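Subject: Structure handover

Hi,

Here is the structure you were waiting for. My notes on it follow below.

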Amino acid sequence: QVELVESGGGLVQAGGSLRVSCAASGGTFSSRAMGWFRQAPGKEREFVAAISRSGGSTYCAGAVKGRFTISRDNTKNTVSLQMNSLKPEDTAVYYCAGGTYTDRASEYEHWGQGTQVTVSS
């Protein structure tokens, strides 16, 4: 049974930085691409960033490009999202997911419970 657990969420002011991480267990971490998604109240789940199985390829959504960086450490079974220059519109629950290297949520098989990120004005 694959389990993904996010951590690092919290409250920050606009312009600040935050790093959220995801620890995986119960499966072969390196066999899956990983992604980060977010969901704000009243909105659909939104793709944020993805990273390939080996970590050699990454891409981010246009809304976060240049501000967010996704990375993974296959020796520690972790994937992280470094978030800089945060904006109030970044406020959401952030989820990590494992599956196919894509921006489509339906292609990810495993999901964490999410961690809340709140950015104040």
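**The core**

The largest nonpolar core has 32 residues. Those with the most contacts inside it are Trp-36, Val-48, Phe-68, Val-79, Leu-81, Met-83 and Tyr-94. Strands 3, 4 (33-39), 5 (46-51), 7, 8 (78-83), 9 (92-99) and 11 (115-120) each supply at least two of its residues. Strand 5 gives the largest share, five residues. Please keep in mind that this is a predicted model.

Take Leu-81 as a way in. Leaving aside neighbours within four places in sequence, Leu-81 is in contact with Leu-18, Arg-19, Val-20, Trp-36, Val-48, Ala-49, Phe-68, Thr-69, Ile-70 and Tyr-94. Val-20 stands opposite Leu-81, which is in strand 8.

Phe-37 is also worth a look. Phe-37 sits in strand 4. Its relative accessible area is 1%, so Phe-37 is buried. From Phe-37 to Ala-92 the C-alpha distance is 9.4 Å, although 55 residues separate the two in sequence.

**The sheet**

Next, the open sheet. Four strands make it up, in the order 1-3-8-7, and the pairing is antiparallel. Strand 1 (3-7) and strand 7 (68-73) are at the edges. Each has a single partner strand, so one side of each is left without a neighbour in the sheet. On average, neighbouring strands are turned by 15° against each other, direction ignored.

Now the pairings. Strand 1 and strand 3 (residues 18-25) run antiparallel and are joined by five bridges. Within that pairing, Glu-6 has Cys-22 of strand 3 as its bridge partner. Strand 3 and strand 8 also run antiparallel, with six bridges between them.

Which side chains of strand 3 are buried, and which are not? Leu-18, Val-20, Cys-22 and Ala-24 point to one face and are buried. Arg-19, Ser-21, Ala-23 and Ser-25 point to the other face and are not buried. In general, side chains in a regular strand alternate between the two faces of the sheet.

**The disulfide**

How many disulfides does a search of the whole structure find? It finds one. Cys-22 and Cys-96 form it, with their sulfur atoms 2.0 Å apart. The torsion about the S-S bond of Cys-22 and Cys-96 is about 45°, so the disulfide is right-handed. Cys-22 lies in strand 3 and Cys-96 in strand 9, so the pair ties together parts that are 74 residues apart in sequence. Both Cys-22 and Cys-96 are buried.

Cys-60 is in no disulfide. The nearest cysteine sulfur belongs to Cys-96 and is 15 Å away. With a relative accessible area of 22%, Cys-60 is partly exposed. The cut-off for buried is under 20%.

**Arg-67 and its partners**

Arg-67 is in the loop between strand 6 (58-60) and strand 7. Is this arginine, Arg-67, buried or exposed? Its relative accessibility is 11%, and Arg-67 therefore counts as buried.

What does the side chain of Arg-67 meet? One polar contact, of 2.8 Å, joins it to the side chain of Asp-90. A polar atom of the Arg-67 side chain also lies 3.0 Å from the backbone oxygen of Ser-85. Leaving aside neighbours within four places in sequence, the residues in contact with Arg-67 are Gln-82, Met-83, Asn-84, Ser-85, Leu-86, Lys-87 and Asp-90.

**Positive phi in two loops**

Most residues other than glycine have a negative phi. Two residues are worth checking on this point.

Ser-85, the Arg-67 partner through its backbone oxygen, is one of them. Ser-85 is not a glycine, yet its phi is positive, about 50°. Ser-85 is in the loop between strand 8 and strand 9. At 40% relative accessibility, Ser-85 counts as partly exposed.

Asn-77 is the other. Asn-77 is not a glycine either, and its phi is positive, about 55°. Asn-77 is in the loop between strand 7 and strand 8. Its relative accessible area is 26%, so Asn-77 is partly exposed.

Best wishes

Notes
Residues numbered from 1 in each chain as written. Predicted model: local features only at pLDDT ≥ 70, side-chain atom pairs only at ≥ 80, totals over all residues. Heavy atoms only, no water. Pairing = 2+ DSSP bridges. Axes fitted to C-alpha atoms, helices over the stretch in contact; angles between N-to-C directions. Core = buried A, V, L, I, M, F, W, Y, C linked by side-chain atoms within 4.5 Å. Buried < 20%, exposed > 50% of the residue type's maximum accessible area, 1.4 Å probe, protein only. Contact = heavy atoms within 4.5 Å. Polar contact = N/O pair within 3.5 Å; in protein donor to acceptor, adjacent residues only side chain to side chain. Disulfide = S-S within 2.5 Å.
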